[in-house]
Amino acid sequence: MAADTGTEEAVLGYEEARDELIEVVRRLEAGGTSLEESLALWERGEELAKVCRRRLEGARARLDASLAAERAAEEDGEGEEDGED
């Protein structure tokens with residue numbers, strides 16, 4: 001299953017992975033599954049959690065880059081205004 005993570009991550013968006021993870025947790029909490037099925041659900045949940053974590057880290061990196069670019073643009077703008085006086 002680990003070999004499919006990169007391909008799966010490209011296909012699954014954050015919301016899809018999160019929703020499936022919620023369903024996996026619900027099924028595990030409900031009980032009534034065999035040991036093998038519980039282990040498979042646990043492994044699936046771990047993979048889905050990785051997808052969610054990577055998506056969130058990517059979103060955070062994009063946000064940080066955008067904020068840094070905005071700050072840099074503001075600083076450049078301030079420097080130009082000082083030179084005009």
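These are my notebook entries on a predicted model of one protein chain.

**Ground rules.** I number residues from 1 along each chain as its sequence is written. In this predicted model local features need pLDDT of at least 70 and side-chain atom pairs count only at pLDDT 80 or more, while totals for chains, interfaces and linings use all residues; side-chain values use heavy atoms, with hydrogens and water left out.

**Confidence.** I looked up pLDDT, the predictor's confidence in each residue, from 0 to 100. The chain's mean is 88, and 82% of its residues reach 70 or more. Helix α1 (residues 5–11) has the lowest mean among the elements, 69, and α2 the highest, 97.

**Layout.** I found three helices and zero strands, in the order α-α-α. Helices here are DSSP runs (H or I, at least four residues) and strands are too (E, at least two), numbered from the N terminus.

**Inside and outside.** I read that 16% of the 85 residues are buried, meaning under 20% relative accessible area with a 1.4 Å probe, protein chains only. The chain exposes about 6500 Å², with 51% of that from carbon and sulfur atoms; the areas come from the Shrake-Rupley method with a 1.4 Å probe.

**The core.** Next I turned to the largest nonpolar core (buried Ala, Val, Leu, Ile, Met, Phe, Trp, Tyr and Cys residues joined through side-chain atoms within 4.5 Å). Its seven residues are Leu12, Ala17, Val24, Leu41, Leu48, Val51 and Cys52. Helices α2 (14–30) and α3 (35–84) each give two or more, and α3 gives the most, with four.

**One residue up close.** Beyond its neighbours within four places in sequence, Leu48 is in contact (heavy atoms within 4.5 Å) with Leu12, Ala17, Glu20, Leu21 and Val24.

Methods. Buried < 20%, exposed > 50% of the residue type's maximum accessible area, 1.4 Å probe, protein only.
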